[in-house]
Amino acid sequence: MTTSTPAPEATVPAPSAPTAPAPHPAPAPVRPGPPPRPRPLAVLVATGVSTAALLLLVALGTVLHHPLLIPPLAASMALVAASPDLPLSQPRSVIGGQFLSALAGFAVLAVAGPGLWSAAVAGGLALGVMTLARAPHSPAAATAVIVALDAPRFWTFTGLLLASCVLLVAVGLLAARAGRRRYPLYWF
């Protein structure tokens, strides 16, 4: 006698809810490229404004018998003239960042004296001070370095630095008005 085992019942899958179409794979991230080519007139205006402001600093420095044209100010003017929309170019950052960086340089100078080691510390400290004050201005870190290397007289240096920064912002303001651009986006 053979016993037979019943055949397993065929299972029919239950009807399922309609499935959503498979999502398309995310597009590959786009790598940023260089900025678009500026209009020739924009290049001409930025170059002319920057050159005029720096020549004005040289002329004023000649009259005062004290050099006002320090490399950080040339970089500051380049930002104001070519990229007036950046936070780095706003008066708060140009004037405040330069002034705070000079103070950082003088603080390091008072503690450690002039020299390369002091200059390195002053440049780094300047970045922290500007960041805390919400006045970022990368050229100003070089101002702290110059102070820690050269040990200038405090009142003379800071007074001329502030006057120079105000002059750069004023030239940027005049250039923006002449070119129908908006500068500054905010003051302080």
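What covers the buried residues of H4? Before turning to that helix, it helps to know that the structure shown here is a predicted model, and that its chain has six helices and zero strands, so that a reader following the sequence meets the pattern α-α-α-α-α-α, as the definition of helices as DSSP runs lets one read it.

Helix H4 takes up residues 116–132, and because each of its 17 residues is counted at 1.5 Å, a span of 24 Å is expected, which agrees with the 25 Å that separates its end C-alpha atoms. Within this helix, the residues that are buried are Ser118, Ala119, Ala122, Gly123, Ala126 and Met130. Because these buried residues cover an arc of only 135 degrees around the axis, they lie on the same side of H4. On the other side of the helix, by contrast, Trp117, Ala120, Leu127, Thr131 and Leu132 are exposed. The opening question can now be answered: the cover over the buried residues of H4 includes H3 and H5. After H4 comes arginine 134, and the phi of this residue is positive, near 55 degrees.

From this helix we can move to the interior of the chain. The largest nonpolar core has 28 residues, and among these Leu73, Met77, Phe157 and Leu161 touch the most other members. At least two residues of this core are supplied by each of helix H1 (40–64), helix H2 (71–82), helix H3 (91–112), helix H5 (139–150) and helix H6 (154–178), with the largest share, nine residues, coming from H6.

Phenylalanine 157 gives a view of the surroundings of one core member: when its neighbours within four places in sequence are left aside, phenylalanine 157 is in contact with Ile70, Ala102, Phe106, Thr143, Val147 and Pro152. There is also a second, separate core, which is made of seven residues and includes Ala104, Ala122, Ala144 and Ala148; of these, Ala122 has already appeared as one of the buried residues of H4.

Some totals for the chain complete the picture. Of its 188 residues, 34% are buried, and among the contacts between residues at least 6 apart in sequence, 74% join residues that are at least 24 apart. The area that the chain exposes is about 12,400 Å², and carbon and sulfur atoms supply 71% of that area.

Note on methods:
Residues numbered from 1 in each chain as written. Predicted model: local features only at pLDDT ≥ 70, side-chain atom pairs only at ≥ 80, totals over all residues. Heavy atoms only, no water. Core = buried A, V, L, I, M, F, W, Y, C linked by side-chain atoms within 4.5 Å. Buried < 20%, exposed > 50% of the residue type's maximum accessible area, 1.4 Å probe, protein only. Helix = DSSP H or I, 4+ residues; strand = E, 2+ residues; numbered from the N terminus. Contact = heavy atoms within 4.5 Å. Expected span 1.5 Å × (residues − 1). Arc of directions from axis to C-beta. Areas by Shrake-Rupley, 256 points an atom, 1.4 Å probe, with all protein chains shown as cover.
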